[in-house]
Every structure is written in C-alpha cells, then in structure tokens.
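Student: I am new to this structure and would love a close look at just one part of it. Could you pick a good starting point and follow its contacts outward for me?

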Amino acid sequence: MVPSPLALLLALGAAATALAEPLRFVDCGSVDGSIREVNVSPCPTQPCLLHKGISYSINVTFASKIQSQGSKARVYGEMLHVDIPFPIPEPDGCKSGIQCPIQKGHSYSYLNKLPVKSEYPSIKLIVKWELVDDQDQMLFCWKIPVQITS
C-alpha cells in the first residue's frame, strides 16, 4: 500500500514540529513590526536548554509596519536586568532570510544561528533578540528564558 500524499505531508509536518515548537516569548518592544511566531531548534521544552558547543537555529516570522532599506540584529544575554552583548555570526537581517528592502505590510521569516560557545558559563539567563530597521527602531524584540548547560 502506497501512503497518500496527505499522510506523508502530515508525517513530515509532525516530524518538523517535534524539533521546533513555537515558543512562548515576551515581546520587549516591537514597534515597527509584529511578531507572529518564534522558533528555536532544537528546543522541545522551555526554558530552552542550550548545550555548549552547539549552534541553535532561530526562525522569527514577523510582519513589517514600515519600509526599511535594511535591518540589523542585536542579541543579548540578560542577567540581573543587565544586557550583555551576545555575538552572532550574521547581524545583517538582509543576509538572514529577509529580502530587502523591507516593505510595509509584508511578512518575513528571519533566520539565524545562535552559537553557544564552550567557554560560556553554565547559567540560567534571558536571551533578548532585537532586529532594528534603518532608523534604529525595533522591527521586533523578543525574550525567552534559557539555561546554558554542558
């Protein structure tokens, strides 16, 4: 018996969903955009356990409320209400899945990596991820709790 295309599609969807469930996040100031969904993979449960030496996939679906020639990501580890810059390999949003220039009213999927370096301490903290437009205004800002572990 050959499985139907619908059955294959459902099976593939279930497999993909198991790796990247939409996360509960806190919007921390999205002004020029609205977040539809945040995914971190792999992160099957929250808080996300981030293992040292692993790189995690980030996918944020958002709608833009403005036009912008470009965008830039800023990532922080927030501890005791202090933002500590967290370097990412590609801060340019136009090289991270977003077709620039950004158009008002369009939806975008922002894709990036969050590398967790081996030298990071094992600690609980908040990851804060911002994407700013060419006027340095927030296209999106979200926070999730994480735990860095060996």
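**From one acidic side chain outward**

Tutor: Let's start at Glu78, which is buried because its relative accessible area is 13%; buried means under 20%, exposed over 50% and partly exposed in between, with a 1.4 Å probe and protein chains only. Before we move on, please note that this is a predicted model, in which local features need pLDDT of at least 70 and side-chain atom pairs count only at pLDDT 80 or more, while totals for chains, interfaces and linings use all residues. Residues are numbered from 1 along each chain as its sequence is written, and side-chain values use heavy atoms, with hydrogens and water left out.

What does Glu78 meet in a salt bridge? The partner is Lys143, at 3.0 Å from N to O; a salt bridge here is a side-chain nitrogen of Lys or Arg within 4 Å of a carboxyl oxygen of Asp or Glu. Side chains of opposite charge can pair when their charged atoms come close. Glu78 belongs to strand 5 (residues 71-79) and Lys143 to strand 9 (residues 138-149), so this contact ties together parts that are 65 residues apart in sequence. Strands, like helices, are DSSP runs numbered from the N terminus (strands: E, at least two residues; helices: H or I, at least four). Unlike its buried partner, Lys143 is partly exposed, because its relative accessible area is 22%.

The count for the structure comes to 5 salt bridges. Another one joins Asp83 and Lys128, with 2.9 Å from N to O. Since Asp83 sits in strand 6 and Lys128 in strand 8, this pair ties together parts 45 residues apart in sequence. Asp83 counts as partly exposed because its relative accessibility is 31%, whereas Lys128, at 14%, is buried.

Lys128 is worth a pause. Its side chain also meets that of Glu130 in a salt bridge of 3.6 Å, N to O, and both of these residues are buried. Lys128 and Glu130 are part of a salt-bridge network that also links Arg74, Asp83 and Asp136. The charged end of Lys128 sits over the ring of Tyr76 too, 5.7 Å from the ring centre; for this, NZ of Lys or CZ of Arg must be within 6 Å of the ring centre and within 35 degrees of the ring normal.

Now for the strands that carry these residues. Strands of a sheet pair through backbone hydrogen bonds, either parallel or antiparallel. Strand 5 and strand 8 run antiparallel and are joined by 8 bridges; two strands pair if DSSP finds at least two bridges between them. In this pairing, Val75 stands opposite Trp129 in strand 8. On to strand 9: 9 bridges join it to strand 8, again in the antiparallel sense, and Val132 faces Met138 of strand 9. The hairpin of strand 8 and strand 9 has 4 residues between the strands, and there Asp136 takes a positive phi near 65°. As for cover, 8 of the 10 residues of strand 8 are buried.

Next comes Trp129, which is itself buried, because its relative accessibility is 0%. Its ring centre lies 6.2 Å from that of Tyr110 and the planes are at 70°, so the pair is edge-to-face. Rings of Phe, Tyr and Trp (its six-membered ring) pair if their centres lie within 6.5 Å, and planes under 30 degrees apart count as stacked, over 60 as edge-to-face and the rest as tilted. Tyr110 is in strand 7 and Trp129 in strand 8, so the link spans 19 residues. Tyr110 is buried as well, with a relative accessible area of 0%. Both belong to one aromatic cluster with Phe62, Tyr108, Phe140 and Trp142.

Where do these rings lead? The largest nonpolar core has 32 residues, and Tyr110, Trp129, Phe140 and Trp142 are among those with the most contacts inside it. Such a core is a set of buried Ala, Val, Leu, Ile, Met, Phe, Trp, Tyr and Cys residues joined through side-chain atoms within 4.5 Å. Elements giving two or more residues to this core include strand 5, strand 7 and strand 8, and strand 9 gives the most, with 6 residues. That brings us back to strand 9, where Lys143 reaches Glu78 in strand 5.
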